[in-house]
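Q: Please take a close look at the charged and aromatic side chains and their partners. I would like one connected account, with the cut-offs behind each term.

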Amino acid sequence: MTADARGAGRFASSAPESAYAWLRLALLLLISTIGGVGMWAVVVALPAIQADFGVTRGLASFPYTMTMLAFGAGGIILGRMSDRMGVAATLALGGAALGIGYVLAAYSPNIWVFTLVNALLVGMIGAAAMFGPLIADISMWFTRRRGLAVAICASGNYMSGVVWPPLVQRGVEAYGWRATYIAIGIACVLTIVPLTLLLRRRPPTQAETATGMRASGDPSALGLSKSSLQWLIGIAGVACCVAMSMPQVHIVAYCGDLGYGVARGAEMLSLMLGFGIVSRIGSGFIADRIGGIATLLLGSMLQNVALLLYLGFDGLTSLYIISALFGLFQGGIVPSYALIVREYFPASEAGMRVGVAMMATLIGMALGGWLSGVIFDYTGSYAAAFANGVLWNILNLAIAGFLLIRARGGGRLAPA
């Protein structure tokens with residue numbers, strides 16, 4: 001057999017950890033990076049949108065809140081769609097929705113129409129297709145390196161946060177937010193939809209669905225029922241992301257209020273998410289060794305440290321450093337929920353249950369983004385908003401600690 005034939009054979013294989021599995025991971029990462037604009041464009045454009053529509057900071061934050069809530073709800077629906085029809089069809093639908101949504105949002109006459117379009121098209125269908133379903137899909141293509149694969153795939157929305165904010169900021173400054181939105185919509189359709197044609201192969205662990213095989217763990221290993229564990233994951237997801245949303249959603253506006261300019265804030269957001277990529281990939285290596293629950297607890301502890309630093313320092317140099325640390329500390333938290341799902345639930349339920357877990361994190365981002373804006377409107381500063389994030393993060397720490405005690409009390413940590 002020639003070298004070319006052997007290479008073709010490796011890519012033809014649908015086995016876990018195969019060359020095709022790694023190629024698929026690369027494709028999903030690229031699509032997530034492009035489609036992740038649904039999370040970040042409205043954050044960067046927030047000051048311009050507020051000025052255009054003449055609304056308060058809290059109301060200007062409302063489209064982000066509704067988009068994240070719809071993103072979460074859509075994750076469950078599209079997760080079930082991905083379980084039944086495959087991730088390719090789900091992503092094609094999402095790419096088309098992003099394109100249509102951004103073009104329609106650009107023609108919104110007021111904040112309410114803008115919010116509705118963002119929620120239904122950009123959030124519920126577009127952005128939702130680019131996160132949970134991808135993570136659930138790639139988790140079935142890896143066994144020994146599942147933690148690493150999930151972490152890399154989940155890094156797509158952070159890579160998106162590195163790439164898109166500077167581009168959106170320059171577009172808004174040069175052409176206005178409306179023209180920038182139209183360009184984003186066209187770019188999403190022309191890139192995402194064609195790439196989905198390369199993802200039509202079904203996961204190798206699909207056999208688990210037919211045979212009723214379970215994931216590597218079971219909720220009973222924690223002394224919990226399925227519903228109890230899902231609820232705890234959900235509450236933890238809300239709590240950690242209320243805390244996480246304060247810097248991620250408001251850092252641009254925060255820098256503007258401090259007199260540093262929104263461009264500095266966009267740079268800090270990119271820096272934060274760039275280090276978040278490092279954190280997510282690093283957490284994947286860690287999770288393959290200590291499990292998803294312990295990785296969640298570690299990330300939550302470090303995120304709390306960064307939030308406390310934001311409370312103590314607001315100089316320009318300090319904010320750059322703390323933003324980098326925040327990204328480095330918290331990047332592994334959200335992928336940990338997907339790993340816990342795959343450790344303790346059947347593979348046949350992966351898309352739906354990962355979707356529920358991701359919905360909880362997005363509810364947290366939505367709630368936190370809105371609360372921070374409202375707290376700012378009432379207090380005139382972001383200090384109380386950072387303190388609010390610390391309190392929510394303590395709740396996440398308590399749940400993660402409880403689950404880890406349960407896991408160890410059962411005699412082992414579930415393998416990733």
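A: What follows goes through the salt bridges, then the aromatic rings, then a few single residues.

The model is predicted, so local features need pLDDT of at least 70 and side-chain atom pairs count only at pLDDT 80 or more, while totals for chains, interfaces and linings use all residues. Residues are numbered from 1 along each chain as its sequence is written, and side-chain values use heavy atoms, with hydrogens and water left out.

Salt bridges

The structure holds three salt bridges. The term requires a side-chain nitrogen of Lys or Arg within 4 Å of a carboxyl oxygen of Asp or Glu. One of the three joins Asp137 to Arg24, with 2.8 Å between the closest N and O atoms. Asp137 belongs to helix H8 and Arg24 to helix H2 (residues 19–35), so this pair ties together parts that are 113 residues apart in sequence. Helices here are DSSP runs of H or I with at least four residues, strands are runs of E with at least two, and both are numbered from the N terminus. Asp137 and Arg24 are both buried. Buried means under 20% relative accessible area, exposed means over 50%, and partly exposed lies in between, using a 1.4 Å probe and protein chains only.

Another salt bridge is formed by the side chains of Asp52 and Arg178, at 3.3 Å from N to O. This pair also links distant parts of the chain, with Asp52 in helix H4 (residues 46–53) and Arg178 in helix H11, 126 residues apart. Asp52 is partly exposed at 38% relative accessibility, and Arg178 is partly exposed at 26%.

The pair of Glu267 and Arg264 has its closest N and O atoms 3.7 Å apart. Both residues lie in helix H14, three residues apart, or about one turn of the helix. Glu267 counts as partly exposed at 41% relative accessibility, and Arg264 does so at 36%.

Aromatic rings

There are 15 aromatic pairs in the structure. Rings of Phe, Tyr and Trp (its six-membered ring) pair if their centres lie within 6.5 Å; planes under 30 degrees apart count as stacked, over 60 as edge-to-face and the rest as tilted. Phe62 and Trp112 have ring centres 6.0 Å apart and planes at 70 degrees, so they form an edge-to-face pair. Phe62 is in helix H5 (residues 57–85) and Trp112 is in helix H7 (residues 111–129), so the pair ties together parts that are 50 residues apart in sequence. Phe62 is partly exposed, with a relative accessible area of 24%, whereas Trp112 is exposed at 51%.

Phe71 and Phe131 also make an edge-to-face pair, 6.5 Å centre to centre with 80 degrees between the planes. Here Phe71 in helix H5 is linked to Phe131 in the loop between H7 and helix H8 (132–139), 60 residues apart. Phe71 and Phe131 are both buried. Elsewhere, Tyr254, Tyr310, Phe326, Phe376, Tyr382 and Phe386 form one aromatic cluster.

A ring can also have a charge for a partner. The charged end of Arg201 sits over the ring of Tyr20, 3.8 Å from its centre. A charge counts as sitting over a ring if NZ of Lys or CZ of Arg is within 6 Å of the ring centre and within 35 degrees of the ring normal.

Single residues

Helix H14 (residues 262–290) also holds Ser279, which is buried at 10% relative accessibility. Leaving aside neighbours within four places in sequence, Ser279 is in contact with Gly327, Leu328, Phe329, Gln330, Gly331 and Gly332, where contact means heavy atoms within 4.5 Å.

Ala236, in helix H13 (residues 226–257), is buried at 1% relative accessibility. Not counting residues up to four places away in sequence, Ala236 touches Tyr337, Asn396 and Ile399. Tyr344 lies in helix H17 (residues 333–344) and is buried at 1% relative accessibility.

Leu190, by contrast, is exposed, with a relative accessible area of 62%; its place is in helix H11 (residues 177–195). Together, Ile186, Val189 and Leu190 make a nonpolar surface patch of about 270 Å². Patches are made of residues with over 30% relative accessible area and no salt bridge, like charges being joined within 9 Å and nonpolar side chains (Val, Leu, Ile, Met, Phe, Trp, Tyr) within 5 Å. Accessible areas come from the Shrake-Rupley method with a 1.4 Å probe, and for residues only the protein chains shown count as cover.
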